[in-house]
Amino acid sequence: MPREQLQTQIDALIRRICDEQRLQLASQEEQSIARQMLDEMVGVGPIEPLLHDDSVNDILVNGAGQIFVERFGKLELTPITFIDEEHVFNTAQRIATRVGRRIDEANPMVDARLPDGSRVNVITHPLALDGTTISIRKFMRRDLSLESLAGRGAMSMDMALLLRRAMEARLNVIVSGGTGAGKTTLLNALSQRISPDERIVTIEDAAELQLQQIHVVRLETRPESAEGSGRIDQRDLLKNALRMRPDRIILGEVRGGECFDMLQAMNTGHDGSLCTVHANTPRDALSRLENMVMMANMQLPLAAIRRQIASAVDLIVQIERMRDGGRRLVSIVEVCGMEEEVIQTQELFAFRTHPAAHAGQVLGEHQGSGLRPNFYTEKSHLFDQTSI
């Protein structure tokens, strides 16, 4: 039944019990008990209020007694606790069951998502020694555009203009960064510049992209069943996506052999595709792509792999969470092809830091290199030159 209807029934039940037991409770206490019961029945228990707090990015449950949150890039301990380990484990089971997955001693790790799209990872006994651990990356309800990210200081307006032109010119873009750097947020902002006339296929382990276009096909991986069969990974979905007549393919995160298939797709007519990769610098991102292609066991020589990457990838956008908690684009690099055995790149923008006035403070500015992007000339017919 709808949450509101269930809330009404619980409120009535609590009042009846109070009358029968002659309990004197204030209306605020009754409402608090009703809310806790409702959160236990259809929510995620005591951490449900944190999901509705827009200032919270991550919720980290370390067993029953420790619940941390990340606000504005900084971790802080909350006064919220679970009753005991069984309470945490039951909540984790409820989360997994909703998306058709299971968590128990035989399957002590699971990736899932909440109804609002938040991404969840759970690990329990015997792997988690101090109790069931739940890590939630919240689904951000804010619809952030490139311009709004620039207004928040994550990039300059010139960088936002460059990225907008890159999307209009159907460049293949790699978003690189560490865990929690804001890769998915940036991917969502980039996707807003995709034409509504295009067919987009997204592939993710846990669906969290928020595309605004009308023609989007969302695919999600599936873990193996209790019998050890039925696993569908990103590589399987990517191969199938190529048969679905996509204009663009968006891969939530590349981390294995699917990288080879992604590069093949980028090289065979699926321009304008996007993906994220875990790396600390744009050059590291290129090395990671090389290593992941090798994981596909295609027995290709390194020079051939590099030529594939150089011809497929157009732009690498590096994003970083800095020590002050701010997330900033620290580099935009254009891939310019091969020279002998080396992939050639040119940095178009970078974030230059200044000596900080206080510990933990980051001062700096986004600076352009003065180099004109090659695609401004090669694909000038795809956008309005007067706005550059």
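Mentor: Before we look at any sheet, one rule: two strands count as paired if DSSP finds at least two bridges between them. Keep in mind, too, that this is a predicted model.

Trainee: Fine. What is the strand order in the open sheet of six strands?

Mentor: Read across the sheet and you get β3-β2-β1-β6-β5-β4, with antiparallel pairing. Strands β3 (74–77) and β4 (109–113) are the edges, each pairing on one side only. From one strand to the next, the twist averages 15°.

Trainee: How many bridges hold strand β2 and β3?

Mentor: Four bridges, in the antiparallel sense, with β2 covering residues 66–71. To find the register, pick a bridge pair: F68 has L77 of β3 as its partner.

Trainee: And the sheet of nine strands, what order does that one take?

Mentor: That open sheet runs β9-β8-β10-β11-β7-β12-β13-β14-β15, and its pairing is mixed. The edges are β9 (216–220) and β15; each has a single partner strand, so one side of each is left without a neighbour in the sheet. Ignoring direction, neighbouring strands here are turned by 25° against each other on average.

Trainee: Mixed pairing, then. In which sense do β7 and strand β11 pair, parallel or antiparallel?

Mentor: Parallel, over five bridges, β11 being residues 274–278. Look for G177, which stands opposite H278 in β11. Then move to β13 and β14: these run antiparallel and are joined by eight bridges. There, G337 faces Q344 of β14.

Trainee: What happens at the hairpin of β13 and β14?

Mentor: Two residues lie between the strands, and E340 takes a positive phi near 60°. Go on from β14 and you meet strand β15 (residues 363–368), antiparallel to β14 and joined to it by six bridges. One register marker is F351, whose bridge partner in β15 is H366.

Trainee: Which strands does helix α10 lie across?

Mentor: Helix α10 (residues 282–294) lies across β7, β11, β12, β13 and β14. For an angle like this, the axes are lines fitted to C-alpha atoms. Against β14, α10 runs at about 140°.

Trainee: Now the interior. Which residues touch the most other members of the largest nonpolar core?

Mentor: In that core of 36 residues, they are M155, L163, V173, L186, L190, L329 and I332. The elements that each supply at least two residues are α5 (146–151), α6 (157–168), β7 (173–177), α7 (183–191), β12 (315–321), β13 (327–339), β14 (342–354) and α12 (374–378). The largest share, six residues, comes from α6. Another core lies apart from it, with 35 residues, among them V293, A310, I316 and I343.

Trainee: Let me zoom in on L329. What is L329 in contact with, leaving aside neighbours within four places in sequence?

Mentor: The list is A154, M155, M159, L163, L186, V317, Q318, I319, F351 and H366. You've already met F351 and H366 as a bridge pair between β14 and β15.

Trainee: For contrast, where is I33 found?

Mentor: In helix α2 (residues 27–42). I33 is partly exposed, at a relative accessible area of 34%; buried would need under 20%. Beyond four places in sequence, I33 is in contact with I14 and L25. The C-alpha atoms of I33 and N280 are separated by 47 Å, and the two residues are 247 apart along the chain.

Trainee: Which residues of helix α8 are buried?

Mentor: In α8 (residues 234–241) they are Q234, R235, L237, L238 and A241. Seen down the axis, they fall within an arc of 160°, so they line one face of the helix. Their cover includes β8 (200–204), β9, β10 (248–251) and α9 (258–267).

Trainee: Last one, the whole chain: how many helices and strands are there?

Mentor: Twelve helices and 15 strands. Buried residues make up 48% of the 388 in the chain. The C-alpha trace spans about 85 × 55 × 40 Å along its principal axes. Its accessible surface comes to about 19200 Å², with 49% belonging to carbon and sulfur atoms. As for contacts between residues at least 6 apart in sequence, 53% join residues at least 24 apart.

Key. Residues numbered from 1 in each chain as written. Predicted model: local features only at pLDDT ≥ 70, side-chain atom pairs only at ≥ 80, totals over all residues. Heavy atoms only, no water. Axes fitted to C-alpha atoms, helices over the stretch in contact; angles between N-to-C directions. Core = buried A, V, L, I, M, F, W, Y, C linked by side-chain atoms within 4.5 Å. Buried < 20%, exposed > 50% of the residue type's maximum accessible area, 1.4 Å probe, protein only. Contact = heavy atoms within 4.5 Å. Areas by Shrake-Rupley, 256 points an atom, 1.4 Å probe, with all protein chains shown as cover. Arc of directions from axis to C-beta.
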